[in-house]
Structure formats: C-alpha cells, structure tokens
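User: I would like to go through this structure step by step, with short questions and reasoned answers.

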Amino acid sequence: MPQIPFSLEQTNIFRVPGNVYRSLESLIWYAGMDTLRVLHYVLWHQPFKFPCTVIPHFHAILTILTIIITDMLVEMFPNGSPTSLYGITFFFASLPCIVLLSKRYFNGPMCKSAATLTGKVAIVTGANTGIGKETAKNLATRGARVILACRNYEKCNLAVLDIQRTPGVEAKNVYGMPLDLASLKSVHRFVELFRQKENRLDLLVNNAGIASPGSYAMSEDGHELVWATNYLGPYLLTYLLLDVLKESQPSRIVNLSSFVHQWANIDLDDLNGKEGYKYRGAYSQSKLGNILFTRQLAKELEGTNVTTYAVHPGLINSDIWRNYFVNYPLIRICMDFITWPFVKDLEHGAQTTLYCAVEESLTSESGKYYSDCQQKLPSEMAQNYTLAKQLWDKTLVMLDIKK
Ligand SMILES: NC(=O)c1ccc[n+]([C@@H]2O[C@H](COP(=O)([O-])OP(=O)(O)OC[C@H]3O[C@@H](n4cnc5c(N)ncnc54)[C@H](OP(=O)(O)O)[C@@H]3O)[C@@H](O)[C@H]2O)c1
C-alpha cells in the first residue's frame, strides 16, 4: 500500500528550483506584486487625485527595489523565515501607499468654493510660473479677466498661451503685462498701462516673490533686493491701485506671505539689513512685512468694502528654490526625490490663495492670516498693530509717498 507523505517538504514539489525558500520567493514576489497592483488601482482612482505622471515612475522604482531586496534576502538568509521575508516584501509593496497618503496629507485641502468671476478683473503678479500661474489659471476658468504681471515677458507669453488653452477659459480674457517689482519705475509704468486697458479691478494677488538672490544685492532704487521685490514693490503696486479697487468694491487683496515670518525680526531702522546679511533673514523679514502690511492695510481700508488677506501657501516644490544647490545638481535631485511626499504640488499650493480670493464666507473678514484654507494665528510680532503702523509709515517714507 503506498505511504501518504508525512509533510509537503517530503514530496519534493518545493525542491525544484533549489530549496523551499527559493520556491517561496516567487510566491512572495507575486503576492507583493498583487498588493502593489491593488494599491495602485485604489490610489489611482477617485476619490484620491494623484499626479499620474509621477506614480508610474514611483512604482517602477519600488518594483525594482522589491525584486532586488527580496532576491538579496533570499540569498542572504536561505534559512530565513518565509513570514519575515514576506513581511519585508509587503513593507516595500506598501511603500507607495504610505508615500502617496503622505503626499495627500501634506498637499492639504482644496478650495471648495464654486464662485464664478464672470465680469471681474484680477491681477496676479509672478504668474508665469509656480503657484501664481496655477492661481491665474484657476481664476480664468472661473470666468475672470486675468492679467499676468510678470518681469520675464517671454516666460509670461508662454504661460498666457498655456492658460488660454485650458478648457473653460476664454482666450481673450487672459493676457500678460510687464512688471518688475524690484523697480519702482516699472511698478508705476505697470499701473499706468493697466489704467489705460481696464477700468475696474476686483482682485489683486501679490504673489511674486524671491527667496534668495544668492548673495547681498540691491535693487536699482537702492533697496536690498529681497525686501524690494517681496515687500516694497507689492506695497507700492497696491497703494497705486487702491482707488480702482475701491471703485470696484467689493474687492480683495491677497498677499503671499510664508510661515517663515515667525523666524523674522524687523529692525525698522535698518530694513535693508546690510549688516550681518543672511538671505534667510531677509526672506523671513519680507514675509513678516507682508503680514504687517496686510493688517495695517485692512485698517486703512475699513468701511470701503476692500478686504485684505495674508497667505502661507504651504511648502511647495516650485521654482522658488532655483538658487539652492545650483552647484550640486545631484544633491538637488536627491532632495527633490526625498522631499516629494512632504511638499505640495503647484495645484494644491494655490488653494489657500484661491480660498482667500473667492470664498464667499470671507467677505467680512479682513487683515487676517490663512494657511491650508483656514484662518490661522501668525506670530506674536505679526499681530502687533503698533509695529504694523510703524512699518506702514516707514514704508511711505522709503517709497517717497506723500499722503
Ligand atoms: N514655494 C514655497 O514653498 C513657498 C512657501 C511659502 C511662501 N511662498 C510664496 O509664494 C509666492 C510664489 O512663490 P512660488 O513658490 O510660486 O515661486 P516661483 O515659482 O519662483 O514663482 C515666483 C514668481 O515671482 C516672479 N518674480 C520674482 N521676482 C520678480 C520681480 N522682481 N518682479 C516680478 N515678478 C517677479 C517670478 O518670475 P521669474 O520666473 O521671472 O523669476 C515667478 O513668476 C512667493 O511670494 C513666495 O514667497 C512660497
């Protein structure tokens, strides 16, 4: 009578490629791949919205990693427990899920307002790239007439063409105008030209900004370049457009700040801060300036139905980091790769700006600070009204504006 085998190992069926672990390897691999496929399906389809161009690359890399690591483990630990090998493979198969969920978390909320802007006119500064371009595109799809105010006219035209091709956008409603915020003359010229072309302004988005010029640099008017671009230029632009904003009320002014304002210290007697210059200090000072400006402006505009908002858009992978690691492209690529799950993409980076620009429930709010489509408290210094007024007055002197 034939004997029934005592265990599966005694049957030889797992010994074909070498040993039992070698056979399990393919089993583990297919299980891992199936997990990947399921995660891929779940993550790629609604309700989640992920950038489809990135997912295949990520999967390809993770797939290769999973193969290599499973192979290495099987070679290194031929007697290793199949459960732990499966655990490790499962971990790698789950990585895309962890990474994409992290991306979703850090991308933050979307602006839910469906407000339409037909017949409204909006200016977005620095709209040839980054979150400015995303903002301009979104405003145009809502029906607004959008002016992209940019210093680089070539890049501006490309952005205009791109936005004009967006479904739902009327091409004639989008155009560019030259504006270099680091030049007071250019700001004046922009406002003159704008007045010739348009007779109303419903929304001004002071978005343009630089993080670092590399080293200490001055604007043509003799101001430190970051301060001139991020604070003085937008201040003057807003100031010169106040009458048209008031005539078009209800209207809004959205100023792009940053959470780094909380690391800043403003020295009213040395706003161009040449002594011990650090570009990070200059950037955070300018972003603190943006919030103080927003607060004081709200006070100046009380009763006019023109409201102001300061925004921290989040940490976004944009051109603003262009001067970082310029000499170390490999480090730059690694940094981009590692930080990808923790930074916002451009579309999400524009959401808080859009929230402040169109959200109906904010009509009676003014002078506040927003992040992730919610009002937040800025640093103590940014809430100091005395400082805001002092900076306001000081800026009028710096810009030679007589009331
Ligand atoms: N990215 C972030 O993580 C982050 C975080 C917090 C706050 N922010 C703020 O968000 C805003 C937009 O940043 P982003 O990330 O979209 O940066 P970005 O991609 O570098 O875009 C900045 C825009 O500003 C323009 N610009 C720079 N200097 C100018 C000048 N002198 N005159 C006119 N336009 C000028 C740039 O034009 P060119 O292309 O010609 O240089 C570009 O269009 C900035 O105010 C920034 O401080 C960004």
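Analyst: Helices here are DSSP runs of at least four residues, numbered from the N terminus. The model is a predicted one.

User: Which helix gives the most to the shell around the ligand?

Analyst: The ligand is surrounded by 29 residues. Among the closest are Gly126 and Gly130. The helix that gives the most to this shell covers residues 130–141 and supplies three residues, and it is H4.

User: How many residues of the shell around the ligand are charged?

Analyst: The shell is sorted by class into nonpolar, polar and charged residues. There are 12 nonpolar and 13 polar residues. The number of charged residues is four.

User: In what order do the strands of the open sheet stand?

Analyst: Eight strands form the sheet, and their pairing is mixed. E3 and E8 stand at the edges with a single partner strand each, so one side of each has no neighbour in the sheet. Neighbouring strands are turned by 25° against each other on average, direction ignored. The order is E3-E2-E1-E4-E5-E6-E7-E8.

User: Through which helix does the chain cross from E2 to E3?

Analyst: Strands E2 (residues 145–150) and E3 (residues 174–178) run parallel and are joined by five bridges. Val146 stands opposite Val174 in E3. The β-α-β crossover between these strands is right-handed, and the helix on its path, residues 153–164, is H5.

User: What is the bridge partner of Val205 in E5?

Analyst: E4 (residues 203–206) and E5 (residues 251–256) run parallel, with four bridges between them. In E5, the partner of Val205 is Val254.

User: What angle does the direction of helix H7 make with that of E4?

Analyst: H7 (residues 225–247) packs on the sheet and touches E4, E5 and E6. The angle between its direction and that of E4 is about 175°.

User: Which strands does H8 touch where it packs on the sheet?

Analyst: The direction of H8 makes about 165° with that of E6. The strands that H8 touches are E5, E6 and E7.

User: Is H8 roughly parallel or roughly perpendicular to H12?

Analyst: The axes of H8 (residues 279–300) and H12 (residues 385–398) come within 9 Å and cross at roughly 95°. Angles of 65 to 115 degrees count as roughly perpendicular. Therefore H8 is, relative to H12, roughly perpendicular.

User: Which residues of H8 meet H12?

Analyst: By class, this contact has six nonpolar, two polar and two charged residues. On the H12 side, Tyr385 and Trp392 are among the residues met. On the H8 side, the residues are Gly289, Leu292, Arg295 and Gln296.

Conventions. Residues numbered from 1 in each chain as written. Predicted model: local features only at pLDDT ≥ 70, side-chain atom pairs only at ≥ 80, totals over all residues. Near = placed C-beta within 6 Å. Helix = DSSP H or I, 4+ residues; strand = E, 2+ residues; numbered from the N terminus. Nonpolar A, V, L, I, M, F, W, Y, C, P; charged D, E, K, R; others polar. Axes fitted to C-alpha atoms, helices over the stretch in contact; angles between N-to-C directions. Parallel < 35°, antiparallel > 145°, perpendicular 65-115°, else oblique. Contact = placed C-beta atoms within 7 Å. Pairing = 2+ DSSP bridges. Right-handed = clockwise from strand over helix to strand, strands pointing away.
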